[in-house]
Amino acid sequence: MDRDTDRPDLFTTADSWELADDVAPPPTALFKALAGPRRCHVLSVLLDRPEIAVDDLTDIIVGWQTTIDGPAGPDEWAQIKIELVHAHLPLLDDIGLVEFDDQAGEVRLEPLADPVQDVIRFAEEYERVLDRSGRPSE
């Protein structure tokens, strides 16, 4: 029970959810984070590399973009980094999924609860099976 609200603390009483010390944002916040494909890619990268420089993260994102749209130029790399630094990473930081240090140019994944990691992996896999029109890939 949550002593302040007298409601059951679902995160510590459910057998398969051991979330007491891990980040588990409210579903609306988590789905807001995953609503942007770029943020979904960022979180997927961070599951494999929990700490990464923003430049290295940009390289990975541009690499994925290149496999979809063809080679990217320096302007596109810069545009993606700007989007990461000014939009996506601050939003993920606000939700509590990452710690973004703009001054150091680094991002770190917070310790996420297992169900949160599972949702991120599912969202990334789901994105891969859909083509750009939103229809399942053949």
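These are my notebook entries on confidence, one helix and one aromatic pair in a predicted model.

**Confidence.** I began with the pLDDT, which averages 83 over the chain, with 80% of the residues scoring at least 70. I then looked for weak stretches and noted that residues 5–18 have a pLDDT below 50, although this stretch has 14 contacts in the model beyond near neighbours in sequence. Where pLDDT is low, the predicted coordinates should not be read in detail, so I leave the contacts of residues 5–18 without further interpretation.

**Helix α3.** I checked the length of α3, residues 37–48, against its residue count: at 1.5 Å a residue, its 12 residues should span 16 Å, and the end C-alpha atoms lie 17 Å apart, which agrees. I next asked how much of α3 is covered, and found 10 of its 12 residues buried. The buried residues include the charged-letter entries R38 and R39 as well as C40 and H41, and the list continues with V42, L43, S44, V45, L46 and L47.

**Aromatic pair.** I searched for paired rings and found 1 aromatic pair in the structure. It is formed by F122 and Y126, whose ring centres are 5.8 Å apart with 25° between the planes, and I record it as stacked because that angle is under the 30 degrees cut-off. Both residues lie in helix α6, residues 114–129, and are 4 residues apart, about one turn of the helix. An α-helix has 3.6 residues a turn, so residues three or four places apart point the same way. Finally I looked up the accessibility of the two partners: F122 is exposed, at a relative accessible area of 57%, whereas Y126 counts as partly exposed, at 45%.

Note on methods: Residues are numbered from 1 along each chain as its sequence is written. This is a predicted model: local features need pLDDT of at least 70, side-chain atom pairs count only at pLDDT 80 or more; totals for chains, interfaces and linings use all residues. Side-chain values use heavy atoms; hydrogens and water are left out. Rings of Phe, Tyr and Trp (its six-membered ring) pair if their centres lie within 6.5 Å; planes under 30 degrees apart count as stacked, over 60 as edge-to-face and the rest as tilted. Helices (H or I, at least four residues) and strands (E, at least two) are DSSP runs, numbered from the N terminus. Buried means under 20% relative accessible area, exposed over 50%, partly exposed in between (1.4 Å probe, protein chains only). pLDDT is the predictor's confidence in each residue, from 0 to 100. Contact means heavy atoms within 4.5 Å. The expected span of a helix is 1.5 Å times one less than its number of residues.
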